[in-house]
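Visitor: I am new to this structure and would enjoy a short tour. Could you show it to me first?

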Amino acid sequence: DLPSLAKAFADYFPIGAAIEPSHTSGLKAELLKKHVNMLVAENVMKPDAIQPTEGNFTWGNADQLVAFAKQNGMEVRFHTLVWHSQVGAWFFKDSEGKPMIDETDLAKREVNKKLLLKRLDTHVRTIVGRYKDDIKSWDVVNEVIEPADPDGIRASDWYKISGTAYIETAFRAAREAGGLDAKLYINDYGTDNPAKRDRLYELIKEMLGKGVPIDGVGHQTHIGIYGPDIADIIESMQKYSELGLDNLVTELDMSIYAWNDRRDYGAEIPDEVIKLQANRYRELFEAFKANKDLLKGVVFWGIADDHTWLSSFPMKRTEAPLLFDQQLHAKPAFWAIVDPSRQP
Ligand code: G3I
């Protein structure tokens, strides 16, 4: 008689989870069907998964995920049309197969830039065209801000070859292919960090000024039990909403370690750590609820602690960042946000 997570938040916002194709059957699928009403692909809609080589679109896994969502009345959001990681190297090679970034001839660099943007335009239009009836929420670009890099934009191949033109091209192509009801997001982590938050704000303002169709900011929200401050997370949402943008929490999880902690709790996660996590999840969702007008949804990066990127990255150690444990049982954090009176 466990209450449904999604139903508990029905008056506030949809609740989502990132999944792999294998999670569409068995016990994991049952857990998802009960608790979430939005899905996102953890990996199978990334550029290298969908177009591993030029013109070779591989839809099988992505289609399977969309079909599972449809059968179960769930929304799907797309992650991600553009990224500097998990993208085929072919995008950045010139017509002779040489890396575009090595080109020194200015005229040839211009040719390369055009070729890259043409490839990107095709990638975006092909994908958005295929899924536009089934998917309304899109991560168009992911992790483009890096305050430590020149101009505060990540020094990726995308940027080195095209400047910020790739961001423009991706959003414009997505709008043209997806129409006005496609919600187009710029997604990033650490959006509570002032340097990052402000640079992202400036970039969006500049893009909006040029008519680039950005609808919202995706806040990954990979946080921990010791930080960042919840007030900073909310403040950043308020800031973007001043630009008329939507906010979406796109990849929520809560590490049980401090970022630079070298410990590994192994099978013995201390009770007080699990309790601290529950309390912080409760405070976080209280803040989300109080700001539901700013927030279009909350998507977890996974559903249960048996499957989380944090266990392999950055240090291999036992992690427990989600609301369900390794056995798929509800943790104190689940009760903390669904019904605090039952929180152990
Ligand atoms: O698919 C290959 C498989 O063929 C190979 O045998 C295996 C051996 O390592 O690797 C498999 O690829 C792995 C892939 O996940 C699919 O499982 C990669 O090694 C692994 O690095 C990759 O990790 C993903 C990571 O993004 C890559 O950057 C994580 O699962 C995924 O959770 C993570 O998600 C990112 C978001 O996209 C963006 N925001 C941060 C978030 C967490 O890092």
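Guide: A word on the record before we start: UniProt positions are given in the numbering used here, feature names are shortened, and annotations may be inferred rather than shown by experiment. This is a predicted model, in which local features need pLDDT of at least 70 and side-chain atom pairs count only at pLDDT 80 or more, while totals for chains, interfaces and linings use all residues. Residues are numbered from 1 along each chain as its sequence is written.

Visitor: Which residue does UniProt list for "active site"?
Guide: The listing comes from an unreviewed UniProt entry. The residue sits in strand β8, residues 246-255; helices (H or I, at least four residues) and strands (E, at least two) are DSSP runs, numbered from the N terminus. The name under "active site" in that entry is E251.

Visitor: Is E251 buried or exposed, and why?
Guide: A residue is buried if 20 or more other C-beta atoms lie within 10 Å of its own, exposed if 12 or fewer, and partly exposed in between, with C-beta atoms placed from the backbone. E251 has 24 C-beta neighbours inside 10 Å, so E251 counts as buried.

Visitor: Which residues is E251 in contact with, leaving aside its neighbours within four places in sequence?
Guide: Two residues are in contact if their C-beta atoms, placed from the backbone, lie within 7 Å. With those neighbours left aside, the contacts of E251 are A18, Q220, T221, H222, V299 and W301.

Visitor: Which residues are around the ligand, and how do they divide?
Guide: A residue is near a molecule or strand if its C-beta atom, placed from the backbone, lies within 6 Å of it. The residues around the ligand are E42, N43, S85, Q86, N142, Q220, E251 and W309. Ala, Val, Leu, Ile, Met, Phe, Trp, Tyr, Cys and Pro count as nonpolar, Asp, Glu, Lys and Arg as charged, and the others, Gly among them, as polar. The shell therefore divides into one nonpolar, five polar and two charged residues.

Visitor: What is phi of T221, and is T221 buried or exposed?
Guide: T221 lies in the loop between β6 (216-219) and β7. Its phi is near 65°, a positive value in a residue other than glycine. Because 23 other C-beta atoms lie within 10 Å, T221 is buried.

Visitor: Where is D151, and how many other C-beta atoms lie within 10 Å of D151?
Guide: D151 is in the loop between β4 and α6. D151 has a positive phi of about 70° although it is not a glycine. D151 is partly exposed, and its count of other C-beta atoms within 10 Å is 13.

Visitor: Which residue does a cis peptide bond join to H79?
Guide: At this bond omega is about 0°. The partner is found in the loop between β3 (75-78) and α5. The residue joined to H79 is T80.

Visitor: Which residue does a cis peptide bond join to G227?
Guide: Here omega is about -5°. The partner's place is in the loop between β7 (222-224) and α9 (230-241). The residue joined to G227 is P228.

Visitor: Why is the protein as compact as a globular protein of that length?
Guide: The protein has 11 helices and nine strands. The radius of gyration is taken over C-alpha atoms, and the globule rule is 2.2 Å times the number of residues to the power 0.38. The protein is as compact as a globular protein of that length because, for 344 residues, the rule gives 20 Å, and its radius of gyration is close to that, at 20 Å.
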